[in-house]
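Q: I am new to protein structures and would like to learn how to read one. Could you walk me through a few features?

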Amino acid sequence: MSYDEPTLMTRPRLRGPSVADLNVWFVLLVVLLLGAVVRIAPLSSSDYPLNDGGLFARMSSDLAANGFLIPGFTGYNGGAIPFAYPPLGLYLTAGIDTLLGVDPIETLRWLPAAFSAASVLAMYLLAAELLRSRWRGVIAAAAFALMPRSYLWLIVGGGATRALGLFFALLAVRQGVVMLRHLRSRDIVATAILGGLTGLAHPQAAVFLGLSLLTVPAFHIAPGRRVASVVRIALAAVGALLVASPWLLAVVIIHGPAPLLAAGQTGLDLGIGASQLLGLAFADTPVFDLMTALGVLGILVRIARRQWMIPVWLVLTILIDPRAGMTYATVPLALSVVPILGELIARMAPAHGATATLEAATVPVVLRRHPALAILAVLLLFVSLRTAARTAVAETSPLHGLQPDHVAAMGWVRDNTGAEATFSVVTGGSWERDYLSEWFPVLARRTSVATVQGSEWRGFSAFLRRLAIYRQLQECGLGTAACLGEWAKGWELPQSYVFLPKASLFGPSSPTDCCPALRETLMISAQYRVIYDGPGATIFAPTD
């Protein structure tokens with residue numbers, strides 16, 4: 001067995017000399033601070049939550065207005081969306097808003113980044129337990145902290161549920177490893193509670209947790225413990241369902257199982273998952289990411305050593321859930337950085353036969369005595385922070401958000417159009433990164449006919465229909481006014497107002513006008529008239 005191969009048959013050594021303890025906690029503190037910096041820094045680009053979160057802002061408000069009892073439907077974008085989303089993040093948001101008297105928009109700006117930063121510590125706890133070493137845990141946590149995919153979709157507004165789900169999932173996997181290693185009843189209870197909280201936070205986090213607790217022990221259960229381990233996993237799963245049962249029962253009683261099943265279908269696509277694996281899409285980041293590259297190299301090293309657990313874990317994570325698998329794949333990838341960086345560190349600062357080791361000397365002394373190790377640390381830090389900075393402004397990154405002019409234009413819509421008015425919001429973007437389409441129903445308080453968010457809870461066919469409507473509408477961003485008429489006629493939609501935003505929407509490298517031809521042809525079209533052409537947007541009303 002190689003030095004970093006995880007096992008469930010050996011209790012990890014979690015104690016060492018006092019100097020070693022201080023070194024571990026010092027380096028871990030640095031890692032946690034770095035993880036917090038790369039997650040909090042992008043928030044400065046907008047006074048509002050990055051990217052999405054509009055649906056959750058409205059659901060949190062609905063929850064508070066209903067006395068913190070789950071309502072049947074949310075009033076978001078017309079009010080026909082079942083309130084079936086896992087509610088833990090919504091309860092936290094609504095509770096903070098109520099206690100502090102703040103708007104959910106402000107809470108959703110900061111809360112996701114806080115949970116994402118806390119996930120770095122959870123990653124350390126998992127890695128230290130699984131790899132039987134605090135130092136290996138620190139290396140894995142550092143890799144995880146600096147991988148952009150570990151936070152890209154978690155520090156945005158919608159991360160109030162996503163980041164919370166990953167945080168509890170990491171803790172639950174770690175507790176599951178403890179449960180299988182020691183076979184104690186209290187560990188079953190703890191795993192069940194954390195598993196239930198994971199399911200109450202985010203559905204895809206629950207899928208990742210289930211995959212993890214089936215994959216990890218499958219390779220490292222002692223022969224004499226297999227039956228007992230399977231029984232404990234089953235008991236923990238039942239306990240997790242009991243923890244989540246109040247929400248599940250409320251949804252099933254009001255709506256039946258249809259919304260839950262429909263939402264599950266939107267993420268499950270083995271064909272897409274296989275395509276992403278074969279294309280190494282999990283390593284495809286907006287800019288080159290050294291930590292992810294080291295993780296891929298580590299996967300290859302593990303395969304060469306016939307250490308199958310973590311490679312299989314990575315494959316199943318992406319294959320089963322291609323929609324969110326890229327985020328959860330950072331966990332096995334970060335674990336796979338350990339044999340690469342661990343080997344480099346071991347060669348640069350030997351544990352034996354040297355006067356300054358991490359077991360006997362403080363970190364500053366070790367770095368002075370081993371300058372190659374100091375150079376490696378500086379280079380890794382420089383490249384990783386540069387990657388984080390470039391990722392934050394990349395056009396394909398989700399780390400972009402509303403600007404004051406956009407909010408002002410939506411406020412004009414709220415104050416100057418009828419409550420029954422419907423709008424076509426055209427940005428030319430993809431629905432996952434189209435923050436204007438998601439926030440429009442909240443800030444303008446008008447229906448957006450093509451917004452996708454929330455439609456997955458209305459049924460799989462409703463989701464596919466709304467997705468097709470949205471994509472065809474955004475294609476009109478490259479067309480003319482005639483495209484809008486054909487689009488509305490093709491989907492049998494009534495003519496609606498048109499909201500065309502101004503300025504660069506997806507970072508400084510994106511076009512300053514998303515839809516120049518459409519804007520110009522709408523200006524001279526007999527079917528539309530301009531009712532607003534000011535900061536943030538041009539708004540057209542149908543003449544009919």
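**Reading a predicted model**

A: Happily! This is a predicted model, and in it R162 forms a salt bridge with D52, with their closest N and O atoms 2.4 Å apart.

Q: Why does this pair tie together distant parts of the sequence?

A: In general, side chains of opposite charge can pair when their charged atoms come close. Here, R162 belongs to helix α6 and D52 to the loop between α1 and α2, so the salt bridge links parts that are 110 residues apart in sequence.

Q: How many salt bridges does a search of the whole structure find?

A: The search finds nine.

Q: At what angle do the axes of helix α12 and helix α13 cross?

A: As a general idea, two packed helices are described by the angle between their axes and the distance between the axes. For α12 (residues 290–304) and α13 (residues 309–320), the axes cross at roughly 125° and come within 8 Å. That angle makes α12 oblique to α13.

Q: Which residues make the contact?

A: From α12 come I299, R302 and I303, and from α13 come I310, P311 and L314. By class, five are nonpolar, one is charged and none is polar.

Q: Which residues form a nonpolar patch on the surface?

A: They are F219, L297, L300, I303 and W308, and together they have about 460 Å² of accessible area. Helix α12 gives the largest share of this patch, three residues. I303, which you met in the helix contact, is found in α12.

Methods: Residues numbered from 1 in each chain as written. Predicted model: local features only at pLDDT ≥ 70, side-chain atom pairs only at ≥ 80, totals over all residues. Heavy atoms only, no water. Axes fitted to C-alpha atoms, helices over the stretch in contact; angles between N-to-C directions. Helix = DSSP H or I, 4+ residues; strand = E, 2+ residues; numbered from the N terminus. Parallel < 35°, antiparallel > 145°, perpendicular 65-115°, else oblique. Contact = heavy atoms within 4.5 Å. Nonpolar A, V, L, I, M, F, W, Y, C, P; charged D, E, K, R; others polar. Patch = residues over 30% accessible without salt bridge, like charges linked within 9 Å, V, L, I, M, F, W, Y side chains within 5 Å. Areas by Shrake-Rupley, 256 points an atom, 1.4 Å probe, with all protein chains shown as cover. Salt bridge = Lys/Arg side-chain N within 4 Å of Asp/Glu carboxyl O.
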